[in-house]
Structure formats: C-alpha cells, structure tokens
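Work through these exercises with the structure open. Each task is followed by its solution.

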Amino acid sequence: MHNLRLLRADMLDFCKHKRSHRSGVKLHRLQTALSLYSTSLCGLVLLVDNRINSYSGIKRDFATVCQECTDFHFPRIEEQLEVVQQVVLYARTQRRSKLKESHDSGNRNGGSDDKTKNADRNYLNILPGEFYITRHSNLSEIHVAFHLCVDDNVKSGNITARDPAIMGLRNILKVCCTHDITTISIPLLLVHDMSEEMTIPWCLRRAELVFKCVKGFMMEMASWDGGISRTVQFLVPQSISEEMFYQLSNMLPQIFRVSSTLTLTSKH
C-alpha cells in the first residue's frame, strides 16, 4: 500500500521555511534534523538543464533557498556541485578514451568521429535522463534533491515511456528504494511552468503517461525493497486551471488501484 497525493504547488514550497511564525521555522528545522538519519527520508525531483551550476532558472531559485539557513551538516550547495562536476568530468574522460580506443582499433567512420567530437565538446554537461543528487539538512521538508536533466523535447506531445526523462524517473525511484527515501515529490507534467502549447489534451496525455509509468515503477519497487509503503506526491504548476486539476484528480483512481473504504458502526 502506498500513499498518493496530487498537489497544485510550487516545487520549492517544500524547501522554503514558512516564516509566518518565528518558532515555526525552528520546529521545521528540528523535525528535518531529527529525521535526517531515519529510514523515512524525503526527496523531490527538480527538472534542470544539462549544465551543472546554480546560476539560472530553478537551479538559481533552489540555491537561494538553500542559502537562507546555514547547513551545519552537509557542504554548501556550490561545494556539492563542484564535486558533481569532478565526477562527471572523470566519467566523460573515461567514456571519451573508450570511444577513441574503439576508433583507433579500426572503427573509422563518420559516426564514430561525431561521437568523439561531441564527447570532447560537452565533457562537463550531463545528458537528458541523467541526474545528480544534493543533500540538505537546512530545508523545510526535504533531505535529498534529485536534479533530473531534461531538454526541450519534454514540451512536445509525443514522448513515450522510453523517453530519457521517464527512464530518469525510474532510476530516481530505484535510488529511493536503496536509500530509505520514503517520500518523493514528482512534477507530474515533467515541467515546472505552463506554456501556450500545453493544452488540455496535452496535459491529459502527459499525466496519463507519467501516472502509468510511475505505477509500473512502483510495482517494480516491490521486488527492489520488499514492498515498503511509500508516499508519492505528484505536483502540477500553480497556474493550472481548476477544471484541469479536477480532471487529473479523477484520472488518478482510474489508473491506480484504490482500496475500498471500510465503514465501522457501533451496535450501540
């Protein structure tokens, strides 16, 4: 059994401390700290571009939130990203050397040359579907952030279950199983903001695809972790219409098997 939620919210709302009351911030920080070494960690998925930095878009906004409170446990977000860059550089170097070896061993064709040049040119960038992880102890409700690389293809209406973004979600859920992350927040439409091309049919097709794929991944999770109960939160942008939100909420019980309610009455 799993808990499923459909929310209309900004992804960073789960990171920001609510400042309506000063003691509330301290309580949130205390709760995050107490659960940091528990078996019930919380994570979220951020959709980012292929550059590993904190200078643009939602990456900049996320880094700003991370800097609002001092993290006494994990390195600063900039330091964590520097480590990620070093790992990516090492991995790309190994991949580039293997491509050159295969090229020198007799595989001399245009395709191989293009792959080698592409690896040389983008050695510090990650590919769509790849992700890197940052850890935090100073956010409101989040311990782990999965930075999933996506490209403009996610805005098209013809992606399939084999799309890199979908496969990236599968790999993220697998990491959740192996590292005690029992609550994960996912952008349902694989975008953080709505745009003109995202019509009602587009939203319905995309939501159905993500719902069905995540359902399949959750069934796989039963073999990965023995069937531990988890909470999956599907987030849609705040700018989505009320009508669209209710259509998506009606779709949820049609795709996932919902337990029947049990009403208990007293004889007295």
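**Exercise 1. Find the strands that helix α2 lies across, and give its angle to β2.**

Step 1. Locate helix α2 at residues 57–66. Helices (H or I, at least four residues) and strands (E, at least two) are DSSP runs, numbered from the N terminus.
Step 2. Look for contact, which means heavy atoms within 4.5 Å. Helix α2 lies across β2, β3 and β4.
Step 3. Take the angle: α2 runs at about 145° to β2. Axes are lines fitted to C-alpha atoms, for helices over the stretch in contact, and angles run from 0 to 180 degrees between N-to-C directions.

The model is predicted: local features need pLDDT of at least 70, side-chain atom pairs count only at pLDDT 80 or more, and totals for chains, interfaces and linings use all residues. Residues are numbered from 1 along each chain as its sequence is written, and side-chain values use heavy atoms, without hydrogens and water.

**Exercise 2. Trace the sheet from edge to edge.**

Step 1. Read the order: β1-β6-β5-β2-β4-β3. These six strands form an open sheet with mixed pairing. Two strands pair if DSSP finds at least two bridges between them.
Step 2. Mark the edges, β1 (3–8) and β3 (131–135). Each pairs on one side only.
Step 3. Add the twist, which averages 20° from one strand to the next.
Step 4. Check one pair. Strands β2 (residues 41–48) and β4 (residues 144–149) run parallel, joined by six bridges. Leu44 stands opposite Ala145 in β4.
Step 5. Place helix α7 (residues 242–255): it lies across β1 and β6 (231–236), at about 170° to β1.

**Exercise 3. Describe the largest cavity.**

Step 1. Apply the definition: on a 1 Å grid over the protein atoms alone, a cavity is a set of points where a 1.4 Å probe fits but cannot get out, and lining residues have an atom within 4 Å of a point.
Step 2. State the volume, about 50 Å³. Grid points are joined across faces, edges and corners, and a volume is the space filled by probe spheres set on the points.
Step 3. List the lining: Asn53, Ser54, Lys59, Phe62, Ile77, Leu81, Tyr132 and His147. Helices α2 and α3 (77–104) each give two or more of these residues.

**Exercise 4. Which element gives the most to the lining of the second largest cavity?**

Step 1. Note the volume, about 40 Å³.
Step 2. Pick out the elements that give two or more residues: α5 (164–178), β5 (181–187) and β6.
Step 3. Choose β5, which gives the most, with four residues.

Methods:
On a 1 Å grid over the protein atoms alone, a cavity is a set of points where a 1.4 Å probe fits but cannot get out, and a pocket is an open set with protein on both sides within 12 Å along at least five of seven lines; lining residues have an atom within 4 Å of a point.
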